[in-house]
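Colleague: Can you take me through this one? I have some questions about it.
Modeller: Sure, here it is.

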Amino acid sequence: MSPKSSPRTPASPRLPSLKRRERASDNRTAGSPAPLTFRPIHTRRAFEEICERIREQLALGVLKPGDKLPPERDLAQQLGVSRNVLREALRSLEMAGVLRLRKGVKGGAFVQRGDTGRMKDVMRDMLSLGTISVRELSEARIHVLELVVRLACANAREADFAALEANIERTDLATREGRLLDRVECSREFYKVLAAATGNKVIAMILDSVTEIHMRFVYAKVASSGVAMPRLAERRRQFLSALRERNVTSASRLMRAHLEAVQRMLEQDPGAMSLQVALAEIQPGIRR
């Protein structure tokens, strides 16, 4: 007789490790980072792609200022887009100052020569958004003008001197006739001519943009109080004399003294230096 076999102990069911479950629970309750996730990829909008294609042709020199783009129907067909999408792209490039859209028989989309004045809008937007302050703007203008004076002393031509002299004569006449707001416009033009005398379009564009907003403060101050810088034409003539002599030290000293005097005049009236003044739509016309 075969020996009686001993009864087998039943195997315990396989259960998840208690320690493993505890660790997972501890990680969740300890504020561990959420699982890594990615947002879906979205392709660029069609009109943005069209703008980029046209800008590429400009960069390569295939398109030049004054060139006319192909007719709307042909261009839409080449790009494989609807005419509505193409029009959206063209309008966007027009707002950016790249294209000029004309209507009519001889109309179409033409490449612009570039609108340097658009930087003024950028500067105003930065003021509106609080990215830059009025004080920073005034400070930057002083430093930029130091560079402008130095370059103008080196690069100004006789035509630049003649333009500055004519401007000073108009300033003098406006002063004697009591047309102080017109005199402010003469000042705006003076800095534009001086910037052009540097021979550097980038520096001229920067100065023009900061001067445009700064002259709004001056205009508001003169318009509200009737107070203006005394002996302005005389100071301008002294500066022009130093500029003609290519005397950087003297020209820079005279310019800085004038700018500091203007700043003191403005700071006497806190309202004249308010952000609202800088952003106001002031477009006075000069009477000659």
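Colleague: What volume does the largest pocket have?
Modeller: About 340 Å³ for the largest pocket. Keep in mind that this is a predicted model.

Colleague: Which residues are closest to the centre of that pocket?
Modeller: Glu-72, Arg-102, Gly-107, Gly-108 and Ala-109, out of 17 residues that line the pocket.

Colleague: And which elements supply at least two residues of the lining?
Modeller: Two helices, α3 (72-79) and α4 (83-95), and two strands, β1 (99-102) and β2 (108-111). The most comes from α4, which gives three residues.

Colleague: How many of the lining residues are nonpolar, polar and charged?
Modeller: Eight are nonpolar, three are polar and six are charged.

Colleague: Step back a bit. How many helices and strands are there in the protein?
Modeller: There are 12 helices and two strands. Going from the N terminus, the order is α-α-α-α-β-β-α-α-α-α-α-α-α-α.

Colleague: How much of the protein is buried?
Modeller: Buried residues account for 36% of the 288 residues.

Colleague: What about contacts, what share join residues at least 24 apart?
Modeller: That share is 72%, counted among contacts between residues at least 6 apart in sequence.

Colleague: Now salt bridges. How many does the structure hold?
Modeller: It holds 20 salt bridges. One of them joins the side chains of Asp-172 and Arg-237, at 3.2 Å from N to O. That pair links distant parts of the chain, with Asp-172 in helix α7 (residues 158-176) and Arg-237 in helix α10 (residues 232-244), 65 residues apart.

Colleague: Is Asp-172 buried or exposed?
Modeller: Asp-172 is buried, at 19% relative accessible area. The cut-off for buried is under 20%, so Asp-172 falls on the buried side of it. Its partner Arg-237 is partly exposed, with a relative accessibility of 35%.

Colleague: Which residues are linked with that pair in a network of salt bridges?
Modeller: Glu-169 and Arg-176 are in the network along with Asp-172 and Arg-237.

Colleague: What do you have on Glu-212 and Arg-188?
Modeller: Their side chains form a salt bridge, 2.8 Å from N to O. Glu-212 belongs to helix α9 (residues 201-225) and Arg-188 to helix α8 (residues 180-196), so the bridge ties together parts 24 residues apart in sequence.

Colleague: Are those two buried or exposed?
Modeller: Glu-212 is buried, with 14% relative accessible area. Arg-188 counts as buried too, at 12% relative accessibility.

Colleague: Why would α8 be called largely enclosed by the rest of the structure?
Modeller: Because 13 of its 17 residues are buried.

Colleague: How far does α8 reach from its first C-alpha to its last?
Modeller: It reaches 25 Å, which is close to the 24 Å expected at 1.5 Å a residue.

Colleague: One more salt bridge. Where do Arg-256 and Glu-260 lie?
Modeller: Both are in helix α11 (residues 248-267), four residues apart, about one turn of the helix. Their side chains meet in a salt bridge at 3.3 Å, N to O.

Colleague: Why does a spacing of four places work within a helix?
Modeller: An α-helix has 3.6 residues a turn, so residues three or four places apart point the same way.

Colleague: And what are the relative accessibility values for that pair?
Modeller: Arg-256 has 30% and counts as partly exposed. Glu-260 is partly exposed as well, at 33%.

Key: Residues numbered from 1 in each chain as written. Predicted model: local features only at pLDDT ≥ 70, side-chain atom pairs only at ≥ 80, totals over all residues. Heavy atoms only, no water. 1 Å grid on protein atoms, 1.4 Å probe; cavity = no way out; pocket = protein on both sides within 12 Å on 5 of 7 lines; lining within 4 Å. Points joined across faces, edges and corners; volume = space filled by probe spheres on them. Nonpolar A, V, L, I, M, F, W, Y, C, P; charged D, E, K, R; others polar. Salt bridge = Lys/Arg side-chain N within 4 Å of Asp/Glu carboxyl O. Buried < 20%, exposed > 50% of the residue type's maximum accessible area, 1.4 Å probe, protein only. Expected span 1.5 Å × (residues − 1). Contact = heavy atoms within 4.5 Å.
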